[in-house]
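Q: Please take a close look at a single part of the model shown here, and then set that part in its surroundings. A connected account is preferred to a list.

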Amino acid sequence: QVQLVESGGGLVQAGGSLRLSCVASGSIKSLNGMGWYRQAPGKQRELVARIIGGSVTNYAESVKGRFTISRDNAKNTVYLQMNSLKFEDIAVYYCWADVVATGQRYPRVYWGEGTQVTVSS
């Protein structure tokens, strides 16, 4: 089994910053990609940012220039530095990983339990 554990969410004032972390652990043979999705109340889950293959990054248009994703391969950890936070960033942020587990041949997606990010005035 593979587990994803997020940390770093919380309450911040508009314009402030937060840093999310997610550690992948368990029976990991290869970690193809890691990243972050978010889900705001009443909305569908959407991509925020992800790193594929260790270097290729994708960002949602709404966060480009404000959020930065990075990854520490040695620690199986992905980070999301969020700056200039806005009210529209309020959501539960979920860690995402595309993993080939030990004993498996094909990758599958794993999700963390989510961490709440709230922006106040």
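As what does Asn76 count by its relative accessibility?

A: Asn76 counts as partly exposed, at 24% relative accessibility; with a 1.4 Å probe and protein chains only, buried means under 20% relative accessible area, exposed over 50%, and partly exposed in between. The model is predicted: local features need pLDDT of at least 70 and side-chain atom pairs count only at pLDDT 80 or more, while totals for chains, interfaces and linings use all residues. Residues are numbered from 1 along each chain as its sequence is written, and side-chain values use heavy atoms, with hydrogens and water left out.

Asn76 belongs to the loop between S7 and S8. Strands, like helices, are DSSP runs numbered from the N terminus, with at least two residues (E) for a strand and at least four (H or I) for a helix. Within this hairpin, which has 4 residues between the strands, Asn76 takes a positive phi near 50 degrees; the residue is not a glycine. Ser84 likewise has a positive phi of about 50 degrees without being a glycine. Ser84 is found in the loop between S8 and S9 and counts as partly exposed, at 39% relative accessibility.

The two strands that flank Asn76 run antiparallel: S7 (residues 67-72) and S8 (residues 77-82) are joined by 6 bridges, where pairing requires that DSSP finds at least two bridges between strands. In this pairing, Asp72 stands opposite Thr77 in S8. S7 has two faces: Phe67, Ile69 and Arg71 make up the covered one, whereas Thr68, Ser70 and Asp72 make up the uncovered one. Arg71 lies 8.7 Å from Ser55, C-alpha to C-alpha, although the two are 16 residues apart in sequence. Ser55 sits in the loop between S5 and strand S6 (56-59) and is exposed, with a relative accessible area of 57%.

The hairpin is part of an open sheet of 4 strands, in the order S1-S3-S8-S7, with antiparallel pairing. S1 and S7 stand at its edges with a single partner strand each, so one side of each has no neighbour in the sheet. On average, neighbouring strands of this sheet are turned by 15 degrees against each other, direction ignored; axes are lines fitted to C-alpha atoms, for helices over the stretch in contact, and angles between N-to-C directions run from 0 to 180 degrees. At the other edge, 6 bridges join S1 to S3, and Glu6 stands opposite Cys22 in S3.

Cys22 leads to a disulfide, defined as a pair of cysteine sulfur atoms within 2.5 Å. The sulfur atoms of Cys22 and Cys95 are 2.0 Å apart, and the link is left-handed, with -85 degrees about the S-S bond. Because Cys22 lies in S3 (residues 18-26) and Cys95 in S9 (residues 91-101), the pair ties together parts that are 73 residues apart in sequence. Both cysteines are buried.

Phe67 of the covered face and Leu80 are also among the residues that touch the most other members of the largest nonpolar core, which has 31 residues. Such a core is a set of buried Ala, Val, Leu, Ile, Met, Phe, Trp, Tyr and Cys residues joined through side-chain atoms within 4.5 Å. Elements giving two or more residues to this core include S7 and S8, and S9 gives the most, with 6 residues. In soluble globular proteins, nonpolar side chains tend to be buried together.

S9 also takes part in an aromatic cluster formed by Tyr37, Trp96 and Trp111. Rings of Phe, Tyr and Trp (its six-membered ring) pair if their centres lie within 6.5 Å; planes under 30 degrees apart count as stacked, over 60 as edge-to-face and the rest as tilted. The rings of Tyr37 and Trp96 are therefore tilted, with centres 6.2 Å apart and planes at 50 degrees. The rings of Tyr37 and Trp111, with centres 5.1 Å apart and planes at 75 degrees, are edge-to-face. Tyr37 counts as buried at 14% relative accessibility, whereas Trp111 counts as partly exposed at 38%. Arg45 lies over the face of Trp111, at 4.6 Å from the ring centre; a charge sits over a ring if NZ of Lys or CZ of Arg is within 6 Å of the ring centre and within 35 degrees of the ring normal. The charged end of Arg45 also sits over the ring of Tyr94, 3.7 Å from its centre.
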